[in-house]
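Subject: Structure handover

Hello,

Here is the structure I promised to pass on. Please open it next to this email and follow along.

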Amino acid sequence: MEPWEAAERSITKTYRKQIWAPFIAAVKTYQLIQQNDRIAVCISGGKDSMLLAKLMQLLQRYSEFPFHLEFLAMDPGYSPANRQKLEEN
């Protein structure tokens with residue numbers, strides 16, 4: 001299993017009660033996403049934005065209707081090594 005596959009599995013299995021289920025409940029309760037929406041997810045490289053990006057990817061994969069995701073990152077002056085890690089992720 002690839003590292004990204006293990007991360008996805010842990011979100012939907014290990015952390016189902018703590019992360020996945022509340023995320024899905026909020027999206028449904030507040031009708032946050034509609035069919036054919038275009039959603040930008042900003043990624044700073046931190047664990048919170050990376051988790052949100054992965055949650056959105058999983059939601060898109062399992063959603064009952066299509067929507068589009070675009071991942072954005074701003075470079076506030078990252079070192080070359082940190083920028084490379086962000087781009088790889």
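A residue counts as buried when its relative accessible area is under 20%, and as exposed when that value is over 50%. Anything in between is called partly exposed. Keep those cut-offs at hand. One more thing before you start: this is a predicted model.

**The chain as a whole**

The protein chain has 4 helices and 2 strands. Their order along the sequence is α-α-β-α-β-α. The C-alpha atoms fill a box of roughly 40 × 30 × 20 Å along the principal axes. There are 89 residues, and 24% of them count as buried. Now look at the contacts with a separation of 6 or more. Residues 24 or more positions apart account for 66% of these.

**K54 and E8**

Start with K54. Find it in helix α3, which covers residues 47-62. Is K54 buried or exposed? Its relative accessible area is 17%. The cut-off for buried is under 20%, so K54 is buried.

Next, find E8 in helix α1. The relative accessible area of E8 is 8%, so E8 is buried as well.

What does K54 touch, once residues up to four places away in sequence are set aside? The answer is E8 and I11. Run the same check from the other side. Leaving out neighbours within four places, E8 is in contact with K54, L58 and R61.

The link between E8 and K54 also shows up as a polar contact. Their side chains make one at 3.0 Å. The two side chains meet in a salt bridge too, at 3.0 Å from N to O. E8 sits in helix α1 (residues 3-14) and K54 in helix α3, so this pair ties together parts that are 46 residues apart in sequence. Both partners are buried.

**The salt bridges**

How many salt bridges does the structure hold? It holds 4. You have just met the one between E8 and K54.

Now go to R83. Its side chain meets that of D75 in a salt bridge, at 2.4 Å from N to O. R83 has a relative accessible area of 37%, so it is partly exposed. D75 is partly exposed too, with a value of 35%.

R83 has another salt bridge, with E87, at 2.7 Å from N to O. R83 and E87 both lie in helix α4, residues 80-88. They are 4 residues apart, which is about one turn of the helix. Salt bridges with shared partners also join E8, K54 and R61 into one network.

How far is E8 from R83? In sequence, they are 75 residues apart. In space, the distance is 23 Å, C-alpha to C-alpha.

**The pockets**

How do we look for empty space? Rolling a probe the size of a water molecule over the atoms shows where it is left.

The largest pocket has a volume of about 290 Å³. Two elements give two or more residues to its lining: α2 (16-29) and α3. Which one gives the most? It is α2, with 4 residues. The full lining is W20, I24, V27, K28, Q31, I33, L59, Y62, S63, E64, F65 and F67. By class, that makes 8 nonpolar, 2 polar and 2 charged residues.

The second largest pocket has a volume of about 170 Å³. Its lining is W4, I43, M50, A53, K54, Q57, F71 and N89. The largest share, 4 residues, comes from α3. The classes here are 5 nonpolar, 2 polar and 1 charged.

Note that K54 is back. It helps to line the second largest pocket, and its side chain also meets that of E8 in a salt bridge.

**Where to look**

If you have only a few minutes, pick three places. Go to K54 and E8, where the salt bridge joins helix α1 to helix α3. Go to R83, which meets D75 and E87. Then go to the largest pocket, where α2 gives the most to the lining.

Best wishes

Notes
Residues are numbered from 1 along each chain as its sequence is written. This is a predicted model: local features need pLDDT of at least 70, side-chain atom pairs count only at pLDDT 80 or more; totals for chains, interfaces and linings use all residues. Side-chain values use heavy atoms; hydrogens and water are left out. Buried means under 20% relative accessible area, exposed over 50%, partly exposed in between (1.4 Å probe, protein chains only). A polar contact is a pair of N or O atoms within 3.5 Å; within protein, one must be able to donate a hydrogen and the other to accept it, and residues adjacent in sequence count only if both atoms are side-chain atoms. Contact means heavy atoms within 4.5 Å. On a 1 Å grid over the protein atoms alone, a cavity is a set of points where a 1.4 Å probe fits but cannot get out, and a pocket is an open set with protein on both sides within 12 Å along at least five of seven lines; lining residues have an atom within 4 Å of a point. Grid points are joined across faces, edges and corners, and a volume is the space filled by probe spheres set on the points. Ala, Val, Leu, Ile, Met, Phe, Trp, Tyr, Cys and Pro count as nonpolar, Asp, Glu, Lys and Arg as charged, and the others, Gly among them, as polar.
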